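Q: I am new to this structure and should like a close look at one part of it. Please begin with a single residue and work outward to its surroundings.

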Amino acid sequence: MNDITASPQKEAPEGTRALAGHSTVGTNDLDAAAAYYDKLLAVFGIGRVLVQPGRAVYYGHRTLEFGVTKPFNGEMAVAGNGTMVAFEARSRAQVDQAHATALEAGGSDEGAPGPRGPDGGDPYCAYFRDPEGNKFLVYRKGPDEAR
């Protein structure tokens, strides 16, 4: 039997999110993947912040938040079984828009936008895969952000 016991949590400063950084997915066709993510991440107001020709394209507001890369070891990129990248949306409408954009750009549906909570309320989520099979979640928890 596996017994997983949580260790005490340290209190983070107010307004700080844990595990901030960036995520990457692999690709076998960097140009096609970059074209896909250019469209998808524009929904979030995110653009390219670093391009390593023939190797990687990174996206973010001002710093790296997400990247698409050719595998460093030179082998084929494959989607991870049980792997998923989640993007937080500013509104439910942005969840809808991101899901629609992902599908229009060549992705596949893994769960239409809608409420997923135990009471049929929060969070509001949508799931999709990019053209290479990487799985994504776009979600909004709580009320929409004020503009």
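Is Arg140 buried or exposed, and what is its relative accessible area?

A: Arg140 is buried, with a relative accessible area of 8%. (Buried means under 20% relative accessible area, exposed over 50%, and partly exposed in between, for a 1.4 Å probe and protein chains only.) The model is predicted; local features need pLDDT of at least 70 and side-chain atom pairs pLDDT 80 or more, whereas totals for chains, interfaces and linings use all residues. Residues are numbered from 1 along each chain as its sequence is written, and side-chain values use heavy atoms, without hydrogens or water.

The chain as a whole gives Arg140 its setting. It comprises 2 helices and 8 strands, these being DSSP runs numbered from the N terminus (helices H or I, at least four residues; strands E, at least two). From one end of the sequence to the other, the elements follow the pattern β-α-β-β-β-β-α-β-β-β. Of the 147 residues in the chain, 34% are buried. Contacts (heavy atoms within 4.5 Å) often span long stretches of sequence: among those between residues at least 6 apart, 54% join residues at least 24 apart.

The side chain of Arg140 takes part in salt bridges, each defined as a side-chain nitrogen of Lys or Arg within 4 Å of a carboxyl oxygen of Asp or Glu. One partner is Glu88, with the closest N and O atoms 3.8 Å apart. This pair links distant parts of the chain, since Glu88 belongs to strand S5 and Arg140 to strand S8, with the two positions 52 residues apart in sequence. A second partner is Glu145, whose side chain meets that of Arg140 at 3.9 Å, N to O. Glu88, Arg140 and Glu145 are thereby linked in a network of salt bridges.

The accessibility of the two partners may be set beside that of Arg140. Glu88 is partly exposed, with a relative accessible area of 37%. Glu145 is also partly exposed, and its value is 43%. Arg140, by contrast, is buried at 8%.

The structure holds 5 salt bridges. Among them is one between Asp122 and Arg92, at 3.5 Å from N to O. Asp122 lies in the loop between strand S6 (108-115) and S7, and Arg92 in helix H2, so the pair ties together parts that are 30 residues apart in sequence. Here both partners are partly exposed: Asp122 has a relative accessible area of 27%, and Arg92 one of 30%.

The strands that carry Glu88 and Arg140 also contribute to the nonpolar interior. A nonpolar core is a set of buried Ala, Val, Leu, Ile, Met, Phe, Trp, Tyr and Cys residues joined through side-chain atoms within 4.5 Å. The largest such core has 26 residues, of which Tyr37, Phe44, Tyr59, Phe66 and Phe87 touch the most other members. Strand S5 (84-88) and strand S8 (135-140) are among the elements that give two or more residues to this core, together with helix H1 (30-42), strand S3 (56-60), strand S4 (66-69), helix H2 (92-104) and strand S7 (124-129). Its largest share, 7 residues, comes from H1. In soluble globular proteins, nonpolar side chains tend to be buried together.

Phe87 shows how these parts meet. Leaving aside residues up to four places away in sequence, Phe87 touches Leu40, Leu41, Phe44, Phe66, Phe136, Leu137, Val138 and Tyr139.

Two further residues complete the picture. Gly82 lies in the loop between S4 and S5 and counts as exposed, at 76% relative accessibility. Although Gly82 and Asn134 are 52 residues apart in sequence, their C-alpha atoms are 9.9 Å apart in space. Val51 lies in strand S2 (residues 47-52) and is partly exposed, with a relative accessible area of 41%. The C-alpha atoms of Val51 and Gly67 are 9.5 Å apart, while the two residues are 16 apart in sequence. With residues up to four places away in sequence not counted, Val51 touches Ala56 and Val57.

To return to the starting point, Arg140 is a buried residue that shares a network of salt bridges with Glu88 and Glu145.
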